[in-house]
Amino acid sequence: MIPFDYVRAGSVEEAIRFGAEPRTRFIAGGTNLVDLMKETVERPERLVDIGRLNLDGIEERPNGGVRLGALAPNADTAYNPIVQRDYPLLSSAILAGASPQLRNAATNGGNLNQRTRCYYFYDVATPCNKRERGSGCSAIGGVNRNHAILGTSESCIATHPSDMCVALAALDAVVQVIGPAGERKIAFVDFHRLPGDEPQTDNTLAAGELVTAIDLPGQHFREHYSYLKLRDRLSYAFALVSVATAVSFDGDKISDARVALGGVAHKPWRSRDAEETLIGSKPSEQKFADCADRLLEGALGRGANNFKIDLAKRAIIRALTQAAARTPQSQIDKKIA
Ligand SMILES: Cc1cc2nc3c(=O)[nH]c(=O)nc-3n(C[C@H](O)[C@H](O)[C@H](O)COP(=O)(O)OP(=O)(O)OC[C@H]3O[C@@H](n4cnc5c(N)ncnc54)[C@H](O)[C@@H]3O)c2cc1C
Ligand code: SF4
């Protein structure tokens, strides 16, 4: 047993004051942090419980967008009527993740900040640069079937495990944070980072900063969307590859397109250049394949995960085909269930 202090924050101001102490972690639903503490991967000296802060609302914004509170449970977010109506891509991505029980406990802020599922990160008997900087990466040359093919470094080839975040990246969400230096906004694509030489750092939050909300812009993609998650089991498994797609049309031509990948990089993977290859075109398998090739430029397998390169290409083509045809994967899954 490793001892630690526990305090419950009564206000955001108190959370920031407590969170400014070194070796402190915020705890929300606890579905990831408690597991990591049990495995001694995380050893905080103090937990700041933010679970009772008034940050669980989901509200429409004057610009036609929606603000998702950081403490709103993943389940409440996915089943919220506004989210279901306006952002079905987000709702289906959340519901593709974890299990009903976990989604009831897991919060939106915790989902963004969950840590990689690399097996070596959890196994404290093995070297891992993310857990202990400079110790080495056991996945390079090791068991790496689940690992990244894009944006990797020689320090780390881990993936970010979230489903929700892939949809948030595609939808151009903005993360609202507050910390000792005040409030700021982070564009979702800049929230998570690539491993580089500092794989121990997952995202661009400064020490002690608290995520308070996630803003979705007024562009909804209500009709043409699909979240396709490919995994070893149909439920309760992390993505090998996932794709969040959304398109809009002007007549029969694509006027806007979003394609974000999960399970392939240290962050949700997007490329505006790849998306622009679709704009002004009629939907076609060839166009979708060109977009996939652009998005996957530079992809590198490390042995057991080589299959992800071809799988990702086929998944992108399929998800875009589903989005264009208004037959999202979530509807197909409902019929199977
Ligand atoms: C068996 C299992 C299967 C799963 N499957 C999936 C899956 O398929 N897809 C998927 O996407 N996820 C999956 N998950 C992960 C799950 O979604 C996350 O554990 C959950 O979203 C984390 O939320 P939480 O509120 O419990 O976070 P916590 O465990 O409380 O916290 C996680 C991290 O976030 C930090 N944090 C929490 N809130 C904030 C905040 N507001 N500001 C700053 N930092 C914060 C904490 O300090 C901690 O470092 C699975 C989890 C389990 C246990
Ligand atoms: S891939 Fe990253 S998390 Fe996994 S062992 Fe290597 S350094 Fe650690």
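Helix α7 gives the shell around ligand 1 its largest share, four residues. The model is predicted. In total, 34 residues surround ligand 1, and 14 surround ligand 2.

**Ligand 1: shell**

- Phe 26, Gly 30, Thr 31, Thr 107 and Asp 163 come nearest to ligand 1.
- By class, the shell around ligand 1 holds 15 nonpolar, 13 polar and six charged residues.

**Ligand 1: backbone contacts, burial and elements**

- Gly 29 places a backbone N or O atom 2.9 Å from an oxygen atom of ligand 1.
- For Asn 111, a backbone N or O atom lies 3.4 Å from a ligand 1 oxygen atom.
- Ala 237 also has a backbone N or O atom by an oxygen atom of ligand 1, at 3.5 Å.
- Ligand 1 taken alone exposes 980 Å², and the protein buries 93% of that area.
- Two or more residues of the ligand 1 shell come from each of β2 (24-27), α2 (33-38), α7 (108-113) and β8 (210-216).

**Ligand 2: site and shell**

- Ligand 2 takes up the space of the largest cavity.
- The closest residues to ligand 2 are Cys 118, Cys 128, Cys 137, Cys 156 and Ile 157.
- Nine nonpolar, four polar and one charged residues make up the shell around ligand 2.

Conventions: Residues are numbered from 1 along each chain as its sequence is written. Chains are lettered from A and ligands numbered from 1 in the order in which they are written. This is a predicted model: local features need pLDDT of at least 70, side-chain atom pairs count only at pLDDT 80 or more; totals for chains, interfaces and linings use all residues. Side-chain values use heavy atoms; hydrogens and water are left out. A residue is near a molecule or strand if one of its heavy atoms lies within 4 Å of it. On a 1 Å grid over the protein atoms alone, a cavity is a set of points where a 1.4 Å probe fits but cannot get out, and a pocket is an open set with protein on both sides within 12 Å along at least five of seven lines; lining residues have an atom within 4 Å of a point. A molecule sits in a cavity or pocket if more than half of its atoms lie within 2 Å of its grid points. Ala, Val, Leu, Ile, Met, Phe, Trp, Tyr, Cys and Pro count as nonpolar, Asp, Glu, Lys and Arg as charged, and the others, Gly among them, as polar. A polar contact is a pair of N or O atoms within 3.5 Å; within protein, one must be able to donate a hydrogen and the other to accept it, and residues adjacent in sequence count only if both atoms are side-chain atoms. Accessible areas come from the Shrake-Rupley method with a 1.4 Å probe; for residues, only the protein chains shown count as cover.
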